[in-house]
Amino acid sequence: MSVAARKYFEPGPLPVLKNRIDPARLAFDLDGVFADTLHLFLEIARRDFRVHGIRYEDITCYDLEACLDMDPGIIEAVLQQILEGTHTYPLKPMEDAPRVILRMLQEYPPVLFVTARADPRPVQRWMEGLFGKKAQDIEIVATGTYDNKAGVLLDYDRTYFLEDRLETCFALDAAGVTPIVYRQPWNRAPHPFAEVGSWQEVLSLVAG
Ligand SMILES: [Mg+2]
């Protein structure tokens, strides 16, 4: 195993197949992992609702009402724009993420995303904007709840999942899916899982 790869797999009994994760067994969460959703959240809050002074680093928990000094009604209104795809500011992918997904589309199609969103259509349209015709090899399963992710992943024979919500990571692990934590300010509690902080690191996991 390379020094770079070893860094991500210590400590603990972590997933390696020939020095890397088998890309055909890997799937991805959307919001907070592939999509830079929380930067969009802050931009909508700032520009549409005049909420100022909240930094990305202030989002220290997944329950936004619990960690942000922000009117719950505004939080809900901003989230509604994002979930319905009605926002006027663009949702951006994480840096380097499209490049890595494009490579996986070329080498290991189809690419599977599993989201707890209820309606996949806004993100399907967004993917078509990003990847054009290649988006036909992207499958997005919207479970509607966090609890259903493991069942979907096992049905698709995907045993590794890149996820930013720690509670989901623990549930996946219990169900036999190996989580990989995508590092964010809201998942800094201790956990035993492998972790990445960029899509460059994701690429090193799948490309060896
Ligand atoms: Mg997420």
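## Two unusual backbone angles

Arg 50 sits in the loop that links helix 2 (37–49) to helix 3 (64–67). Its phi is positive, about 55 degrees, although Arg 50 is not a glycine. Is Arg 50 buried or exposed? Arg 50 counts as exposed, because it has 8 C-beta neighbours inside 10 Å and the limit for that class is 12 or fewer. This is a predicted model, and every value here is computed from it.

Asp 157 also has a positive phi, near 60 degrees, and it too is a residue other than glycine. Look for Asp 157 in the loop between helix 7 (149–155) and strand 4 (160–163). Asp 157 has 10 C-beta neighbours inside 10 Å, so it counts as exposed.

## The chain as a whole

The protein chain holds nine helices and six strands. Its radius of gyration is 17 Å, close to the 17 Å that the globule rule gives for 208 residues, so the chain is as compact as a globular protein of that length. Along the principal axes, the C-alpha trace spans about 50 × 40 × 30 Å.

What share of the residues counts as buried? The figure is 28% of the 208 residues. Now take the contacts with a separation of 6 or more. Residues 24 or more positions apart account for 60% of them.

## Two domains

The domain assignment splits the chain into domain 1 (3–36 + 92–207) and domain 2 (37–84). Domain 1 is written as two stretches of sequence, and the residues of domain 2 are numbered between them. The centres of the two domains, taken over C-alpha atoms, are separated by 23 Å.

How many residues of each domain are in contact with the other? There are 10 in domain 1 and 12 in domain 2. The side of domain 1 that touches domain 2 has four nonpolar, one polar and five charged residues.

## The nonpolar cores

Nonpolar side chains tend to be buried together in soluble globular proteins. Here the largest nonpolar core has 36 residues. Which of them have the most contacts inside this core? They are Ala 27, Phe 34, Phe 113, Phe 161 and Leu 162. A second, separate core has five residues, including Phe 41, Ile 44, Val 78 and Ile 82.

Leu 162 shows how distant parts of the sequence meet. Leave aside its neighbours within four places in sequence. Leu 162 is then in contact with Phe 28, Asp 29, Val 33, Ile 180, Tyr 182 and Val 202.

## Helix 5 and the cis bond after it

Helix 5 covers residues 97–107, and its buried residues are Ala 97, Val 100, Ile 101 and Met 104. They cover an arc of only 95 degrees around the axis, which puts them on the same side of helix 5. An α-helix has 3.6 residues a turn, so residues three or four places apart point the same way. The buried residues of helix 5 pack against strand 2 (111–115) and helix 9 (199–207).

Pro 110 lies in the loop between helix 5 and strand 2. The peptide bond from Pro 109 to Pro 110 is cis, with omega near -5 degrees.

## Helix 9

Which residues of helix 9 are buried? They are Trp 199, Glu 201, Val 202 and Leu 205. Down the axis, these residues fall within an arc of 150 degrees, so they line one face of helix 9.

Val 206 is also found in helix 9. It has 19 other C-beta atoms within 10 Å. A buried residue needs 20 or more, so Val 206 counts as partly exposed. Apart from neighbours within four places in sequence, Val 206 is in contact with Arg 20, Ile 21, Pro 23, Leu 26 and Met 104. Met 104 is one of the buried residues of helix 5.

## Leu 40 in helix 2

Leu 40 lies in helix 2. With 19 C-beta neighbours inside 10 Å, Leu 40 counts as partly exposed. Not counting residues up to four places away in sequence, Leu 40 touches Ile 82, His 87, Tyr 89 and Leu 91. Ile 82 belongs to the second core.

Val 78 is in that second core as well. Leu 40 and Val 78 are 38 residues apart along the chain, and their C-alpha atoms are separated by 9.2 Å.

Notes. Residues numbered from 1 in each chain as written. Predicted model: local features only at pLDDT ≥ 70, side-chain atom pairs only at ≥ 80, totals over all residues. Helix = DSSP H or I, 4+ residues; strand = E, 2+ residues; numbered from the N terminus. Rg over C-alpha atoms; globule rule 2.2 N^0.38 Å. Contact = placed C-beta atoms within 7 Å. Arc of directions from axis to C-beta. Domains from an automatic or database assignment. Nonpolar A, V, L, I, M, F, W, Y, C, P; charged D, E, K, R; others polar. Core = buried A, V, L, I, M, F, W, Y, C linked by C-beta atoms within 7 Å.
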